[in-house]
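Got your viewer open? Let's take a walk through this model, one selection at a time.

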Amino acid sequence: MIELTAVDEGRNCRRAYRIERAEDLFGHQLIELSWGRIAGTSQTKRLSAPSIAEAITVVRRVLARRASAATRIGVAYKRHEIERFPAEPPEAGLYG
């Protein structure tokens, strides 16, 4: 699981973003993206990838989009809690 937050009290901006991964009974990787205002209701999107490599690609794209938050919304996301994907190669670079 990867949790990100973007907080700027002066602009009343308090956003949260979470990425979770699980495996279904058929071996597909399930990726759940949740986002919204901290302490508010959130939206969720569920994606499926046939392999861990494709799941890592999806997560990289999502993290790249979150990395551009400083220019888009004026506040950068910060990582708070991280659990690694099982069997994630160190060179995948998802966790900085």
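One cut-off before we start: a residue is called exposed when its relative accessible area is over 50%, buried when it is under 20%, and partly exposed in between. Glu 9 has a relative accessible area of 53%, so Glu 9 counts as exposed. Keep in mind that you are looking at a predicted model.

**Start with the whole chain.** Show it as a cartoon and you should find two helices and five strands. Followed along the sequence, they come in the pattern β-β-β-β-α-α-β. Of the 96 residues, 29% count as buried. Switch on a surface: about 6200 Å² is exposed, with carbon and sulfur atoms supplying 51% of it. As for contacts with a separation of 6 or more, 42% of them come from residues 24 or more positions apart.

**Now select the core.** In soluble globular proteins, nonpolar side chains tend to be buried together. Here the largest nonpolar core has 18 residues, and the ones touching the most other members are Tyr 17, Ile 19, Ile 31 and Tyr 77. Colour strand S1 (2-8), strand S2 (13-23), strand S3 (29-37) and helix H1 (52-67), since each of these elements gives two or more residues to the core. Which element gives the most? That's H1, with five residues.

**Zoom in on Tyr 17.** Is Tyr 17 buried or exposed? At a relative accessible area of 7%, Tyr 17 is buried. Leaving out residues up to four places away in sequence, select what Tyr 17 touches: Ile 2, Glu 3, Leu 4, Leu 33, Ser 34, Trp 35, Val 62, Arg 66 and Tyr 77.

Next, the rings. The model has two aromatic pairs. Tyr 17 and Trp 35 are stacked, because their planes sit at 15°, under the 30 degrees that stacking requires, with ring centres 6.1 Å apart. This pair links strand S2, where Tyr 17 sits, with strand S3, home of Trp 35, across 18 residues. Trp 35 is partly exposed, at 27% relative accessible area.

Turn to the other partner, Tyr 77: Tyr 17 and Tyr 77 pair edge-to-face, 6.4 Å centre to centre with 75° between the planes. Tyr 77 lies in the loop between helix H2 (69-72) and strand S5 (78-82), while Tyr 17 is in strand S2, so the pair ties together parts 60 residues apart in sequence. Tyr 77 is buried, at 16%. Show Tyr 17, Trp 35 and Tyr 77 together and you have one aromatic cluster.

**Then go to Gln 29.** You'll find Gln 29 in strand S3, and it is buried, with a relative accessible area of 4%. Which backbone oxygen lies 3.4 Å from a polar atom of the Gln 29 side chain? Pick Gly 27: the oxygen is there. Beyond its neighbours within four places, Gln 29 contacts residues including Arg 21, Leu 47, Ser 51 and Ala 55.

**Finish with the charges.** The count of salt bridges comes to four. Select Arg 18 and Glu 3, whose side chains meet at 3.6 Å, N to O; Arg 18 is in strand S2 and Glu 3 in strand S1, 15 residues apart. Arg 18 also meets Glu 20, at 3.8 Å. Glu 3, Arg 18 and Glu 20 are thus linked in a salt-bridge network. Relative accessibility is 34% for Arg 18, 22% for Glu 3 and 29% for Glu 20.

Last stop, back at Glu 9: Arg 14 forms a salt bridge with Glu 9, with the closest N and O atoms 2.5 Å apart. Arg 14 is partly exposed, at 26%, whereas Glu 9 is exposed.

Technical notes. Residues are numbered from 1 along each chain as its sequence is written. This is a predicted model: local features need pLDDT of at least 70, side-chain atom pairs count only at pLDDT 80 or more; totals for chains, interfaces and linings use all residues. Side-chain values use heavy atoms; hydrogens and water are left out. A nonpolar core is a set of buried Ala, Val, Leu, Ile, Met, Phe, Trp, Tyr and Cys residues joined through side-chain atoms within 4.5 Å. Buried means under 20% relative accessible area, exposed over 50%, partly exposed in between (1.4 Å probe, protein chains only). Helices (H or I, at least four residues) and strands (E, at least two) are DSSP runs, numbered from the N terminus. Contact means heavy atoms within 4.5 Å. Rings of Phe, Tyr and Trp (its six-membered ring) pair if their centres lie within 6.5 Å; planes under 30 degrees apart count as stacked, over 60 as edge-to-face and the rest as tilted. Accessible areas come from the Shrake-Rupley method with a 1.4 Å probe; for residues, only the protein chains shown count as cover. A polar contact is a pair of N or O atoms within 3.5 Å; within protein, one must be able to donate a hydrogen and the other to accept it, and residues adjacent in sequence count only if both atoms are side-chain atoms.
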